[in-house]
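Visitor: Could you take me on a close look at the place where the ligand sits? I would enjoy one connected account, from the surroundings of the ligand out to the rest of the protein.

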Amino acid sequence: AGYLNPRQLCVSLADAAKKKLHLITHTEILKLRKKEGYWQLIGEKNCLIAEGEKVILANGFDAQRLLDFNGLSLSRSRGQVDVVATQEKISGLKLPVCHDGYLLPEVAGSHLIGASYNFDEFSLELSVSDQVENINRSNRILYEKLGVEDTPLRGRASIRTTSMDHLPLVGPVPNEAAYLADYKNICHGQRHERYPAASYRSGLFITTGHGSRGLVSCFAAAAYLTSLIAGKPITLAKDVAHRLHPARFLIRSLKKRPGRR
Ligand SMILES: Cc1cc2nc3c(=O)[nH]c(=O)nc-3n(C[C@H](O)[C@H](O)[C@H](O)COP(=O)(O)OP(=O)(O)OC[C@H]3O[C@@H](n4cnc5c(N)ncnc54)[C@H](O)[C@@H]3O)c2cc1C
């Protein structure tokens, strides 16, 4: 029942953490490697961007490439939100209207409408056909047509990352090779006591797959990871933490007989 501006939110969070934060932006991480106990983030020309004993990957769909781990079972969709000028029919809107999409109250003479879904196109350029889709969606919400002739293309397009069961993946990164070796017989249904404890890539954590609801789930995920890393009581119920576990798809696959994976 609320709305916020993601850019402003990120800026104010970064401001609040200023003294503890060394922020590096507009830098692509091409490789992740471990050297002498430190995870190193490597950019262009093999340049070391940052390193640490603990690293949390929060980079959406690209996490599986950096980890070289397909067992995360991530998929992606492109989404676009558009901005339309305020007009009589909607200028008095007090709350967001959500149905098949959403239409937000006026901010600085404009309304945000959205959002589109594309599963086979991942450009971050704004698209006219998505704008039309969003306008049509708003018309359906309002039961009447917005006046949008010659509306300039204004808004934002980006990528959502989703998991196969539509829940985020949050927690320690599994050691895939150890899982494949240690649990290779799990498909035969042997009792769990016979298996070794799960093995992880020490110091490496992940939060991704927040889909269309990240503005809600990212904060709970961050609090959970903080408690996990700091060795404090975890902030999620145990069964919830299990449902978000980054190895759950790997385990599901290992439980199937080899020909059916
Ligand atoms: C159009 C649209 C509308 C949405 N509306 C809502 C909404 O109303 N409510 C809601 O809760 N959620 C909404 N979402 C979903 C929400 O935006 C996501 O769930 C949320 O952003 C996920 O946060 P994240 O930090 O996990 O990933 P992201 O926000 O995707 O952030 C990942 C970041 O990592 C960067 N990155 C990736 N790879 C690398 C690399 N190799 N090196 C360096 N950086 C890298 C990316 O550039 C990106 O900035 C919407 C999404 C879209 C696309």
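Guide: Gladly, and let us start with the character of the surroundings: the shell around the ligand is made up of eight nonpolar, nine polar and six charged residues. Please keep in mind throughout that this is a predicted model. In total, 23 residues surround the ligand, and the closest of them are I29, D62, G211, G214 and L215.

Three of these names come back when we look at backbone atoms. For I29, a backbone N or O atom is found 2.8 Å from a nitrogen atom of the ligand. With G214, the partner on the ligand is an oxygen atom, and a backbone N or O atom of G214 lies 3.0 Å from it. L215 also brings its backbone into play, with a polar backbone atom 2.9 Å from an oxygen atom of the ligand. As for cover, the ligand taken alone exposes 990 Å², and the protein buries 67% of that.

Which secondary structure elements supply at least two residues each to this shell? They are the strands β5 (74-85) and β9 (155-163), together with the helix α6 (214-230). On the scale of domains, the protein is divided into domain 1 (54-73 + 165-260) and domain 2 (75-162). Both domains give residues to the shell, so the ligand lies between them. The C-alpha centres of domain 1 and domain 2 are 34 Å apart. The two domains also meet directly, with nine residues of domain 1 in contact with six residues of domain 2.

From here we can step to T207, a residue of strand β11 (residues 200-208). Is T207 buried or exposed? Its relative accessible area is 13%, under the 20% limit, so T207 counts as buried. The T207 side chain makes a polar contact with the side chain of H210, at 2.7 Å. Leaving aside residues up to four places away in sequence, T207 touches I56, L57, A58, L169, V170, A221 and L225.

L180 offers another stop, this time in helix α5 (residues 176-182). Here the relative accessibility is 41%, which falls between the 20% and 50% limits, so L180 counts as partly exposed. Setting aside residues up to four places away in sequence, L180 touches L250 and L254. L180 and L254 are 74 residues apart along the chain, yet their C-alpha atoms are separated by 7.6 Å.

Now let us step back to the whole protein. Its secondary structure comes to eight helices and 11 strands, and the C-alpha trace spans about 70 × 45 × 40 Å along its principal axes. Of the 261 residues, 36% are buried. Among contacts with a separation of 6 or more, 67% are between residues 24 or more positions apart. On the outside, the protein exposes about 16400 Å², and carbon and sulfur atoms supply 55% of that area.

To return to where we began, the picture to keep is of a ligand lying between domain 1 and domain 2, because both give residues to its shell. Backbone atoms of I29, G214 and L215 are good places to begin when you turn to the structure yourself.

Key:
Residues are numbered from 1 along each chain as its sequence is written. This is a predicted model: local features need pLDDT of at least 70, side-chain atom pairs count only at pLDDT 80 or more; totals for chains, interfaces and linings use all residues. Side-chain values use heavy atoms; hydrogens and water are left out. A residue is near a molecule or strand if one of its heavy atoms lies within 4 Å of it. A polar contact is a pair of N or O atoms within 3.5 Å; within protein, one must be able to donate a hydrogen and the other to accept it, and residues adjacent in sequence count only if both atoms are side-chain atoms. Accessible areas come from the Shrake-Rupley method with a 1.4 Å probe; for residues, only the protein chains shown count as cover. Helices (H or I, at least four residues) and strands (E, at least two) are DSSP runs, numbered from the N terminus. Ala, Val, Leu, Ile, Met, Phe, Trp, Tyr, Cys and Pro count as nonpolar, Asp, Glu, Lys and Arg as charged, and the others, Gly among them, as polar. Domain bounds come from an automatic or database domain assignment. Buried means under 20% relative accessible area, exposed over 50%, partly exposed in between (1.4 Å probe, protein chains only). Contact means heavy atoms within 4.5 Å.
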